[in-house]
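Trainee: Got a minute? I'd like to go through the side-chain contacts in this one with you.
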Amino acid sequence: MEQSGQDSRRQGRKWVALVLAFGLIFGKASGQIRYSISEEIREGTAVGNIAKDLGIDSNILKARGFRIVSGSTEPLFQVNQNDGILYVNRNVDREEICQRTNVCLINLKTVLENPLEIHYVAVEVLDVNDHSPSFPENNKRLEISESTLPGTRFQLHAALDPDGGVNSVQQYKLSANNNFRLEVKDRGKDGKVPVLQLQSPLDREAYSSHKLLLTALDGGKPPKSGTMEIYIDVLDVNDNAPVFPNDVYSAEINENSPVGTVVIRVNATDMDDGLNGDVSYSFGDVNSKVRELFEVDTTTGEITVKGQLDYEVDDSYEIDIQASDSGAVPLRTEKSVTVKVKDINDNAPVIEVTSLSNKISEDSRPGTTVALLSITDLDSGVNGKVISFVRDDVPFTLTPSIQDNMYAVVTKSQLDREKKSIYDVTVIAKDAGEPALTSEKTLRVVVSDINDNSPEFSMSRYNFYVTENNPPGESVFSLLASDRDKGDNALISYHIFRDAVIGNKITSFLNINPENGDISALKSFDFETLKTFQFQVVATDSGTPSLSSNVTVNVFILDQNDNAPVILYPVSSNGSAEGVEEIPRNVNAGHLVTKVRAYDADIGYNGWLLFSLQEVTDHSLFALDRYTGQIRTLRSFTETDEAEHKLIILVKDNGNVSLSATATVLVKLVEPKEAFAASDVKSATRDEEGTDVTFYLMITLGSVSVLFIISIIVLIAMQCSKSTEYTSKYLQETNYDGTLCHSIQYRSGDKRYMLVGPRMSIGSTIVPGSHANTLVLPDRRRTSTEVRHLK
């Protein structure tokens with residue numbers, strides 16, 4: 001296959017050289033070059049260098065838009081704009097492209113713009129022997145009377161081979177026998193047809209049937225073949241075949257004739273009597289296309305239209321009509337009928353857009369090309385003549401090119417976008433037939449604008465409230481900007497301004513969708529670490545040069561109940577919340593046994609801790625203050641009371657979903673003397689433990705205070721340097737009773753959000769530094785649900 005393709009290219013180059021030499025002899029070059037290739041060559045195979053053969057500089061091909069003008073289907077060939085080489089774009093099957101033609105030529109039009117040049121290239125597709133002959137039937141049964149005279153011919157079905165030329169069916173061979181020989185009838189474009197001829201008389205009494213093998217061979221090297229078995233049944237008597245009075249039959253009919261229209265009537269006579277002389281008609285060896293378009297009346301011999309006749313598909317048909325008598329051994333005679341199809345004006349002009357610039361600047365000069373059109377009509381003669389023009393009063397006109405059927409849509413006056421930005425240009429093509437057929441194609445041309453508007457955000461400043469522990473990667477809020485320009489000038493992209501000088505690390509954890517402005521956080525926010533931050537978002541359009549604008553975004557983090565209480569006292573040496581308290585047995589009611597201390601890193605109700613006795617050996621002996629965690633005796637001890645009591649204290653916060661921790665206190669009752677002695681040891685131990693607890697408590701309080709002061713300073717700085725549309729205040733809770741907690745108030749415009757501390761009870765009133773802004777909390781549970789992620 002590759003060797004064949006190389007031979008084809010060498011032949012193509014020789015043909016081009018001859019054509020150019022011929023043109024130079026007569027003083028000018030022909031406008032067309034011709035190449036030859038073999039079918040089925042690989043995609044991408046080079047056919048020839050058009051630019052070199054035409055003498056065109058390959059360096060200007062891309063700039064001038066060098067290309068092949070093709071229709072709506074995928075082209076068979078493409079041209080490389082870098083070097084001008086014509087190459088195969090998809091599989092080339094000669095049998096699919098040129099079914100019944102000896103020479104398969106594909107005519108291509110190549111176009112160069114600025115200025116417009118059109119060159120014509122013809123590519124001849126050479127056939128290769130890639131199909132074997134095949135018969136329509138695997139076997140054929142014939143009935144032949146024993147009275148049939150030697151020399152009688154029986155036409156058989158021709159073998160079909162999609163290949164053309166020498167690779168089509170060239171010869172037939174018949175298996176050796178004593179009664180028949182084979183003749184081959186050349187039908188021109190329909191190929192060779194085998195005819196079985198009786199060579200010697202048949203003797204039914206000797207042989208009642210014969211089996212022959214017919215082989216069809218093509219002209220390939222090596223040749224390919226196909227076979228058909230022929231079964232011949234020998235019958236008796238009927239010795240006269242039907243006879244047609246005319247040697248030649250021909251007829252003409254208009255294309256698109258209605259189904260049932262009579263094309264021609266043939267008549268055959270039979271000299272026999274009775275059934276042996278009763279003639280019926282049928283198709284002989286015809287292809288499937290003929291059977292789809294025509295049918296024959298078996299009794300009258302009338303050939304009528306069965307399908308849709310189209311002159312543009314095929315202008316003539318060869319129909320074999322077979323006349324058969326009704327004898328016991330039917331005799332048949334075939335006659336060929338030539339039917340010519342006459343053209344009528346049944347095809348409207350076809351307008352194909354080969355090149356279109358649907359956008360044109362308003363400062364374009366008159367005569368600027370907007371589109372290239374190919375206007376054709378499949379009809380012939382006057383029916384195929386086309387007149388084309390542009391409809392309506394638009395600043396565009398249609399100008400013909402140097403090549404027939406090619407037109408250019410150009411501007412005829414100055415454009416003004418402010419008057420009209422979009423034009424619908426309608427091109428009308430009308431043929432000269434009777435009646436005339438018309439086609440139209442509307443091209444939308446947009447007058448483009450310059451980039452003179454910057455993007456605008458929907459708000460001058462954005463304030464967003466985000467609840468901590470947000471899922472990483474999910475969108476937390478969104479910005480929107482618009483641009484009054486059109487097209488690319490209005491296509492906005494977003495990005496976060498990251499100032500390397502300031503070094504804002506928070507923005508490194510933010511990501512913005514450049515297309516829709518959705519901002520997502522790459523990690524979860526922690527209110528205990530970060531309470532508020534600020535950054536800028538820049539919106540940029542896609543114009544040239546691009547324009548942009550920016551907006552400031554303030555983000556406030558809202559607290560969630562995500563920290564469980566931490567027991568500060570009692571704590572054992574191994575770190576568990578357990579402790580032992582020894583008290584004298586003679587203490588009075590109200591004696592302070594110990595105090596459970598706990599801390600919660602959350603604020604407001606989420607950090608407000610309540611204490612309760614989860615488990616106690618004797619409920620009548622001890623009481624626990626739910627707010628302070630103090631454990632006191634309810635009564636004096638008696639001799640019957642146990643000497644050791646276990647108390648399990650539950651510490652939980654007041655979040656919507658409460659988190660809790662437990663501490664275990666083991667109370668031992670001792671005699672007064674033992675209590676004093678133990679008191680001395682315990683005092684020393686407690687002094688040491690108290691020192692450690694005090695040290696850690698001071699560190700915790702100091703850290704919280706530093707964060708609080710930094711937040712106040714940042715908010716004051718923001719308030720002083722930015723607009724006063726929003727403020728944020730942090731209020732420290734002064735009533736500390738041993739439980740660490742926070743209080744904070746957010747204020748934005750007219751909206752306020754208050755989170756209260758642990759000493760606030762139901763019905764309490766909070767005055768956040770202003771008599772005009774007192775927030776009454778009727779229900780702490782309901783109030784706590786008001787702190788949520790707000791967008």
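Mentor: Sure, and keep in mind that this is a predicted model. Let's start with Trp608, which is buried, its relative accessible area being just 2%.

Trainee: Which ring does Trp608 pair with, and how are the two arranged?

Mentor: Its partner is Tyr627, and the pair counts as stacked. The centres are 6.5 Å apart, with 20° between the planes. It's stacked because planes under 30 degrees apart fall in that class.

Trainee: Where in the chain do those two sit?

Mentor: Both are in loops. Trp608 is in the loop between strand 42 (597-599) and strand 43 (610-616), while Tyr627 is in the loop between strand 44 (622-624) and strand 45 (630-633). They're 19 residues apart, and the pair links distant parts of the chain.

Trainee: And Tyr627, is that buried or partly exposed?

Mentor: Partly exposed, at 28% relative accessibility.

Trainee: How many aromatic pairs does the whole structure have?

Mentor: The search finds 15. One of the ring pairs is Phe525 with Phe533, where the centres are 5.5 Å apart and the planes meet at 35°, so that pair is tilted.

Trainee: What about the accessibility of Phe525 and Phe533?

Mentor: Phe525 is buried at 6% relative accessibility, and Phe533 is buried at 6% as well.

Trainee: Which cluster do they belong to?

Mentor: Ring pairs join Phe525 and Phe533 with Phe457, Tyr462, Phe464, Phe477, Tyr494 and Phe535 into a cluster.

Trainee: Where do lysines sit over rings?

Mentor: Two examples. Lys523 lies over the face of Phe509, 4.0 Å from the ring centre. Lys531 has its charged end over the ring of Phe527, at 4.8 Å from the centre.

Trainee: Switching to salt bridges: how many are there?

Mentor: The structure has 12. Among them is Glu117 with Arg64, whose closest N and O atoms are 3.0 Å apart.

Trainee: Which parts of the chain does that pair tie together?

Mentor: Glu117 is in strand 7 (residues 117-126), and Arg64 is in the loop between helix 2 (50-54) and strand 3 (67-69), so the bridge ties together parts that are 53 residues apart in sequence.

Trainee: Which of the two is buried?

Mentor: Arg64, with a relative accessible area of 13%. Glu117 is partly exposed at 27%.

Trainee: What about Glu671, which residue does it bridge to?

Mentor: Arg585, at 4.0 Å from N to O. Glu671 is in the loop between strand 47 (660-670) and helix 5 (672-721), and Arg585 is in the loop between strand 40 (578-584) and strand 41 (592-595). They're 86 residues apart, so that's another link between distant parts of the chain.

Trainee: And how accessible are Glu671 and Arg585?

Mentor: Glu671 is partly exposed, with a relative accessible area of 42%, whereas Arg585 counts as buried at 14%.

Trainee: What does Asp641 pair with?

Mentor: Arg635, in a salt bridge of 3.2 Å from N to O. Here the acid, Asp641, is buried at 11%, and Arg635 is partly exposed at 24%.

Trainee: Last one: which residues form a salt-bridge network?

Mentor: Arg153, Arg181 and Glu183 are linked that way.

Key. Residues are numbered from 1 along each chain as its sequence is written. This is a predicted model: local features need pLDDT of at least 70, side-chain atom pairs count only at pLDDT 80 or more; totals for chains, interfaces and linings use all residues. Side-chain values use heavy atoms; hydrogens and water are left out. A salt bridge is a side-chain nitrogen of Lys or Arg within 4 Å of a carboxyl oxygen of Asp or Glu. Helices (H or I, at least four residues) and strands (E, at least two) are DSSP runs, numbered from the N terminus. Buried means under 20% relative accessible area, exposed over 50%, partly exposed in between (1.4 Å probe, protein chains only). Rings of Phe, Tyr and Trp (its six-membered ring) pair if their centres lie within 6.5 Å; planes under 30 degrees apart count as stacked, over 60 as edge-to-face and the rest as tilted. A charge sits over a ring if NZ of Lys or CZ of Arg is within 6 Å of the ring centre and within 35 degrees of the ring normal.
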